[in-house]
Amino acid sequence: MGAEAVSGDAKRAPAAALRPALPGDVPMLAAIAEAAILELTGEDYDTDQQEAWAAAASDEEALAARLKDQLTLVATRDGEVMGFIALADNKLIDMLYVRPEAVGEGVASLLYDAIERLAGARGAKSLTVDASDTALDFFSTRGFAPKQRNTLSLGGVWLANTTMEKLLGPPEGSVH
């Protein structure tokens with residue numbers, strides 16, 4: 001469906017570490033996406049929408065194919081995957097999911113900040129995201145502006161999201 005995250009970094013937990021995603025991570029990433037959708041989006045999407053979205057997100061074969069050509073980072077704490085973010089074509093935040101129990105601990109912010117820095121260092125002038133209604137505030141607080149409303153069909157169920165964009169400045173340390 002698009003990127004998913006929930007804002008609110010109020011509670012703090014031990015710092016998470018970042019690493020590139022590995023092919024063996026796909027089952028865990030699919031489980032995190034499914035849990036995030038089913039447990040965190042209930043205020044914005046009805047049960048049928050959540051179930052259709054979760055079914056699509058938890059398809060491990062489709063997820064592996066989707067992530068194959070994307071820059072994907074995972075956040076870990078004590079060796080356990082807490083969340084992940086995927087960047088397509090150095091400009092589209094395709095997915096951002098965090099374990100429901102880790103929401104509010106800064107995991108989504110850590111992942112987003114890292115991917116923004118990497119995209120900028122690789123020459124990106126802007127980032128876009130098709131943000132779920134649940135993730136709108138998260139991306140808005142990071143400087144993304146809404147561009148258009150979208151509807152898409154998943155498993156015969158219609159869901160809405162919002163395309164948002166953030167213009168990036170020159171990489172830190174560059175001289176102009």
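Colleague: Reading along the sequence, what pattern does the chain follow?
Modeller: Bear in mind that this is a predicted model, where local features need pLDDT of at least 70, side-chain atom pairs count only at pLDDT 80 or more, and totals for chains, interfaces and linings use all residues. Numbering starts from 1 along each chain as its sequence is written, and side-chain values use heavy atoms, leaving out hydrogens and water. The chain has 5 helices and 7 strands (DSSP runs numbered from the N terminus: H or I of at least four residues, E of at least two). Written in order, they give β-α-α-α-β-β-β-α-β-α-β-β.

Colleague: What share of contacts between residues at least 6 apart joins residues at least 24 apart?
Modeller: Contact here means heavy atoms within 4.5 Å. Take the pairs at least 6 apart in sequence, then keep those at least 24 apart: the share is 70%.

Colleague: And how much of the chain counts as buried?
Modeller: Buried is under 20% relative accessible area, exposed is over 50%, and partly exposed is in between (1.4 Å probe, protein chains only). On that scale, the buried part of the 176 residues is 48%.

Colleague: Which helix gives the largest share of the largest nonpolar core?
Modeller: A nonpolar core is a set of buried Ala, Val, Leu, Ile, Met, Phe, Trp, Tyr and Cys residues joined through side-chain atoms within 4.5 Å. The largest one has 28 residues, and Tyr112 and Phe139 are among those with the most contacts inside it. E2, strand E3 (80–88), E4, helix H4 (107–121), E5 and helix H5 (136–140) each put in at least two residues. With 7 residues, the largest share comes from H4.

Colleague: Another core lies apart from that one; how many residues does it have?
Modeller: Its members include Val26, Leu29, Tyr45 and Ala52. Ala52 is also one of the buried residues of helix H2 (residues 47–57). This other core has a count of 23 residues.

Colleague: Which helices and strands do the buried residues of H2 pack against?
Modeller: The buried set is Gln49, Gln50, Ala52, Trp53, Ala54 and Ala57. An α-helix has 3.6 residues a turn, so residues three or four places apart point the same way. The partners of the buried H2 residues are H1, H3, strand E4 (92–98), strand E5 (126–132), strand E6 (145–154) and strand E7 (157–167).

Colleague: At the start of H2, which backbone nitrogen does a side-chain oxygen of Asp46 reach?
Modeller: The reach is to within 3.1 Å. On the receiving end is the backbone nitrogen of Asp48.

Colleague: Is Asn150 buried or exposed?
Modeller: Asn150 sits in strand E6. Its side chain makes polar contacts (N or O pairs within 3.5 Å, one able to donate a hydrogen and the other to accept it; sequence-adjacent residues count only if both atoms are side-chain atoms) with the side chains of Asn161 at 2.8 Å and Thr163 at 2.7 Å. With a relative accessible area of 15%, Asn150 is buried.

Colleague: What is the relative accessible area of Thr72?
Modeller: Thr72 belongs to strand E2 (residues 71–77). Beyond four places in sequence, Thr72 has contacts that include Arg19, Leu67, Phe84 and Ile85. Thr72 is buried, at 7%.

Colleague: How far apart are the C-alpha atoms of Glu61 and Val26?
Modeller: Glu61 is in helix H3 and is exposed, at 69% relative accessible area. Glu61 and Val26 are 35 residues apart along the chain, yet the C-alpha separation is 8.5 Å.
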